Each structure stands twice: as structure tokens, then as C-alpha cells.
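Visitor: I am new to this structure and would like a close look at one part of it, namely the loops of the chain that is written first. Please take me through the backbone there with some care.

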Amino acid sequence: MDHKEISLYLEHLSKVYSELGGDFLEVAICGGAALNLLDYVRRVTKDVDVISPEELPKKFKDAIKITADYFGLKQDWMNQGPVDISKMGLPQGFYLRCKKLQFHPNLVFLITARLDQIHFKLYASVDRGGYHLQDLMILKPTDEELTMAANWCFSHDVSAAFKYLMKDFLEKNGWKNVASRVEK
Amino acid sequence: MPQELKNRLTEMELDIVWCHWNRLGAMGYGRKNQCSTDPEALLLLTAMVGSEDLRLVEIMKEWLERYESLVSIERLKRYIKELRVGDVGRGDVFCSLQEVVSKLGIKRWESVVRLLKNDGVIIFSMGRKRDLQKKLESHDKIIQNNLQLFLRLMFGVGTRADIIYYATIVFDQEKNPFNLLISAPNISSSLHYNNSSIHRTLCDLEQAGVLLEDTRKKVGKNKIYISKTDFGSKMVSRDKCYVDWFGIVKLFILIEQLKEQIRDIRDESIIKSRLNDFLRAGSELINRSYIDIKNTLSEQAFRPALKRIGLNELESSVVSLLSGTHEFITGKAWS
């Protein structure tokens, strides 16, 4: 799905959620869909990642399913794949930085801001690489931002092995000075 | 929910219930059930739609006054318990049955009343009151037309009568698209009795020579039986095939849930999604009831992108699921 389609599905989802009588809800979106909505990338994404809240209300899940049925999408087109990240704590000031997207009064989509995307993409790049690294490059992080992101990643994975992988990743991808900073 | 669709569904539910009562002796309108009978399931079905046609409740009342002893309390309770587990939805769905059996004042029904009892208000008098002029046929005619009742009179209510009934139908069935066998697992899942009772009764019937082991077939450790055809001249089944009516009870519950889910909903995508879910679950229930309308249903469920499907088309699919069921049960689909 591209930018236009994501917006269309989110708008429809909001309408359905509202018709079902859902209570006021804020849903934070990250990943490729968020990057698309903020116009950082133009690549198509196969799903919309929800990072918070941890527990989605039944009516919202119902609205996801109805939207999937209506447009012929996968039933998990909107999923909580990355929700584990939020369990360990989101970067400080995450919600304040989010861009708000609202189609109906009782549902607000919080689009993860660039700095927080750098945090998540760095974590995913070290872990899995692939398109996450591409996304990270597109975001053009500064050394300062990457240092912040790396320190946040260490709070999620405290193992020595992860620290080694992070340093190795930063060095190999042209961020040697960041690697030396986080080493300390 | 579009009122027209709601009315159509209710009409068809009533037709299905009437056709079964007509078979069990009611002098009602419409066609007769040509497949197997199931008084316990029929009581539940009547309770569910009785408020839409109070004549059905009157028929149920009169029939129970005459034949309550031919109802399997054990089987009825199993049905009710299973439905409770699977979330019936409205608590008062069986209230008319509770009221009718309470008035019977017969001790063996007390456990059913207790099971049906809930804290909800009994809303019995809502719905259309229609004049009731004629009710039940003569006892002889009813027994003559209903092998299951005849067997229950002869062998007592329970597994013995119902296994012989099932075996007689399945053995004589012209077509057998669901590959129903006279075996313990098939009988257990179709008759909804306790497994050990089924096993014990099958052994007794084998020893009595009513059922013979089919030595050519065996599924795992389970024996397959054939019915001894010369066992009594009255043991001729007129039933075209065996239908698991409990699946139809579940279908009616699904219809009630559908009505509830799309009541007051204006958004087309919600209505379409609910209808599609109903088609998916309903087709599965029809299949599990051994109702062979696969051709009618094959293109109805699992549709992609409901945006491209007209609401009318989905509504007609829902209606044809029920009309197909009615036509199958009444034998119209067989001719």
C-alpha cells in the first residue's frame, strides 16, 4: 500500500470505528506506513504497524477486520508486530513528537516522528538489517541522533553481544565516530 | 439492518420450524420436513422464533402435553449446555420454552427449567398473536409418519431408539455425500448423546442382531455396521436423509446475532462484512448439519474486497442459504 491507500484505509477505519461506537482512542503508528505518511519514503508497505496502545479495544479490532473485508486486504493489514518495543519503554518525549492524524473525533492516529523512527530503525537494522537499514539511511540521522538512538537500544537489549553487534553495525555503515561514542 | 432482509430471514426461519412441526403432527401451513426429525432441537428452534408466530408456541405446548414423555431430557440438556458455552447472545432466547415446560408441571422437566432459568425478564407476549384453529393430527397418523417417535415409544427415549433410527436412515439413504457411517464416532457426533452410552448400545444392538458388523469396512479401531433390513416391517424410514438439527439451532443463533450486529448500522462496509461473516459461518454449519447445498453456497463466502460486491448480492446470498436449507429439508431440492 502507498501513501494514498494508507490514508484511505485509515480514514475508512476511523469511520467504521466511529459507527461501531468506539470510545476515544489514540493509536500510534510506526514503520513503513508512518514513513510514508510523513513523506520520508515512497516505497509501498505491506502493513501498518501499531506500536501503542498495548491492548487494542475490541471495537477497534473489529474495525480493522471490517476495513480488511471491504478493501480485500489481509486480515492483519494493521497489526501490533512491534508492540513489544513499547513494553520496554518508548523514547522519552515520543508522544509529544508524534504528528496527529484525525479523521473522526474519537480516533487519533499518532504518526511516529523522524527521531523516534531513527530509534526503531536502528534497533531493527542491527537485529535484521535489510530494508530497515535502507529506511534508516533515508532518514539521514545525525551523529547526535544516532548516539541517542543507540543508547535507547541498549536499554532494550542489555547483552554484551548486542553491544558488539551495534558497534560493528555502526562501523560498517560509515558511522565510526558514533561507534566510538557509544563504546564508552 | 435493512428491514426487508430481517423480514425475509424471519419468514424463512418460521418456514423451517413449521415444516418440522408439520412432520411431527401439526396441521400447519407449508411443506413437511422430509429428512430426519429431532424433537429436542425443534423445541429450541421454536423457542427462538416463537415470538414471531405464537401459533408455534401453542403447537409446542399442545405437542408437549401429548408427547413430553417422548422427549429426551438428557439430549435437550446437552444441547442447552453446549449453546451456553458457545455464547447464545441474548439471555432470554429460550424463555418461551421455559414458560411452556414450567407449566407442564412434570418433575422430570424441572432440571430443564432450572437450566433455562435466568435473571432476565420473560418477554412472552410480544409478537403477533394469530388465531389457532387446528393443532395436531391424530396420534396414529403422527406415529405412522414418524419412525423416531415410534421407536422411542417402543424402546424408550434414549440411545437405543435413536441409534436404530439413525441406522435405518443412513442405511437406506440414496445419496450419502457426507459419507455418514453407522459407526460409534459418526453416531456420537450426529446424535449428541454420551459416548459411552453410544458404545454400550451399539454392542447390545450387535448382540441382538439388529446391527451387523460390516467386515469389509473399518475406520481405525471403530467398527462399521450395517442395518439388518428384515428387522420388523414397521422399521421403514421415509426420511430422505439424516440431518443434524442441532446445526440448524446454531444457525438460528447466528441469525439472531447477525440481526443484533447490524441493527441501527448505516455503514455499508460494516453490514457487508457482517453478512459475509454470516455466510462463512453459516455455510460451515449447514455442512456440519449434513445439508447438501454445496452448489448453492460455493460462491457465497470468502469473497475478496466486499467494496466490489453489491449489498443486494450479499443479502440474496444470505437469503439463499436459508431458502436452500428449507428446500433441502422439505425435499424440494431433491426432485
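**A close look at the loops of chain A**

Guide: Lys140(A) is found in the loop that runs between helix H7 (131–138) and helix H8 (143–156) of chain A, where helices (H or I, at least four residues) and strands (E, at least two) are DSSP runs, numbered from the N terminus. This is a predicted model, in which local features need pLDDT of at least 70 and side-chain atom pairs count only at pLDDT 80 or more, while totals for chains, interfaces and linings use all residues. Residues are numbered from 1 along each chain as its sequence is written, and chains are lettered from A and ligands numbered from 1 in the order in which they are written.

The phi angle of Lys140(A) is near 45 degrees, a positive value in a residue other than glycine. Lys140(A) is exposed because it has 10 other C-beta atoms within 10 Å; a residue is exposed if 12 or fewer other C-beta atoms lie within 10 Å of its own, buried if there are 20 or more, and partly exposed in between, with C-beta atoms placed from the backbone.

Asp39(A), in the loop between helix H2 (31–37) and S2, also has a positive phi in a residue other than glycine, near 65 degrees. Asp39(A) counts as exposed, since 8 C-beta neighbours lie inside 10 Å.

In the loop between strand S2 (48–52) and helix H3 (58–71) lies Pro53(A), and the peptide bond that joins Ser52(A) to Pro53(A) is cis, with omega about 5 degrees.
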